[in-house]
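Trainee: Please take a close look at one helix pairing in this model. I would like the partners, the geometry and the surroundings.

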Amino acid sequence: MQGFGGVSIIISTRNRARSLDQTLAALNCLEIPENCSVELIVVDNDSSDETSSIIQKYSHSTLPLRGMFNPDVGLSLSRNIGCRASNGEVIVFTDDDVRPQADWLTKLTAPLLQNEADAVVGHIDLAPHLERNWMQQIHKHWLAETHIDPRQPELVGANMAVRREALEKLEGFDTKLGPGVSGFGEDTLFSWQLLVMGARMKYIAEAKVVHHPDASRLLRSSWLRAAAARGETQAYLTHHWRHHAFTLPRLRVAYLSVKLAIRRILQPPPRLHDEGCPAWEMSYVGQKA
């Protein structure tokens with residue numbers, strides 16, 4: 001991979017043609033950084049809807065799109081494919097369900113192009129029409145809304161970027177993590193690896209995108225699936241990367257199962273297909289997994 005001194009934006013997508021179309025429309029309105037070449041790479045992760053036609057019809061005079069196809073499901077694998085095909089000095093990652101502000105790319109990439117940082121993470125807000133009164137911070141966090149400590153930033157896949165020279169020191173994203181596989185964790189591990197190798201990481205609050213996840217993610221059944229997936233992801237990270245042991249896991253699962261059953265009797269949660277899920281229930285399910 002030889003950089004051309006510019007920026008490569010990589011999006012992985014799967015069966016979200018309508019959302020992708022809106023994301024591409026927002027990208028069409030981007031300000032392009034001055035004296036900077038920019039390319040857009042969209043990796044179709046084996047979609048069966050109209051995704052390919054959405055990619056083909058995209059047109060922008062200064063932001064050319066290159067479509068790629070990945071027959072094997074997995075966000076991390078698709079990102080790795082996009083990285084290998086990219087040419088930029090700076091690699092930007094975002095998702096097919098975000099809408100960036102017009103100055104997003106300029107704000108996000110400036111510290112990297114000026115070699116003031118090796119990796120950056122921008123700000124993410126949840127789309128206003130998806131906000132609910134019952135939501136606590138954990139619900140918004142799981143929907144990728146950022147509350148980042150500038151002193152200890154951690155990358156979030158919907159709005160992050162890295163210098164090529166830092167990226168090439170790693171082996172890419174762990175293909176056992178992320179949507180399509182574990183569901184989560186690929187950006188968390190990527191952050192850890194960058195920090196271990198001494199990368200300079202910054203939070204760019206002015207680089208803003210709005211997240212538009214599917215409304216089905218607000219259902220209790222979806223929160224419970226996410227909790228289990230997050231728990232399994234945390235176990236993988238704890239065992240394979242932090243090398244910590246779990247003490248008496250079967251006993252702990254039994255204990256948590258009893259506590260969860262009692263709590264559900266005392267504080268009945270919503271029905272599975274209703275919106276909302278108590279934070280305590282999400283916690284118990286995640287710890288068990």
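Mentor: Contact here means heavy atoms within 4.5 Å. The model is predicted. On that cut-off, the pairing is between α8 and α10. Helix α8 spans residues 220-240, and helix α10 spans residues 279-288. Their axes lie 7 Å apart, at an angle of about 40°. The crossing of α8 and α10 is right-handed.

Now the residues. From α8 come R220, W223, L224, A227, A228 and G231. They meet E281, M282, V285 and G286 of α10. By character, the contact holds 6 nonpolar, 2 polar and 2 charged residues. The spacing has a general background. An α-helix has 3.6 residues a turn, so residues three or four places apart point the same way.

Next, the cores. The largest nonpolar core has 53 residues. Its members I9, W104 and L194 touch the most other members. Apart from that core lies another, of 18 residues. M282 and V285 belong to this second core, as do L126 and A226, among others. M282 and V285 are also among the α10 residues that meet α8.

Helix α8 has a further neighbour, α7. Helix α7 covers residues 186-196, and 9 of its 11 residues are buried. Those buried residues include F190, W192 and L194. The buried residues of α7 pack against α8, and also against α3, β6, β7, α6 and β8. L194, as noted, is one of the three residues with the most contacts to other members in the largest core. After α7 comes G198, with a positive phi near 85°.

Methods: Residues are numbered from 1 along each chain as its sequence is written. This is a predicted model: local features need pLDDT of at least 70, side-chain atom pairs count only at pLDDT 80 or more; totals for chains, interfaces and linings use all residues. Side-chain values use heavy atoms; hydrogens and water are left out. Axes are lines fitted to C-alpha atoms, for helices over the stretch in contact, and angles run from 0 to 180 degrees between N-to-C directions. Helices (H or I, at least four residues) and strands (E, at least two) are DSSP runs, numbered from the N terminus. A crossing is left-handed if the near helix is turned anticlockwise from the far one by less than a right angle, and right-handed if clockwise. Ala, Val, Leu, Ile, Met, Phe, Trp, Tyr, Cys and Pro count as nonpolar, Asp, Glu, Lys and Arg as charged, and the others, Gly among them, as polar. A nonpolar core is a set of buried Ala, Val, Leu, Ile, Met, Phe, Trp, Tyr and Cys residues joined through side-chain atoms within 4.5 Å. Buried means under 20% relative accessible area, exposed over 50%, partly exposed in between (1.4 Å probe, protein chains only).
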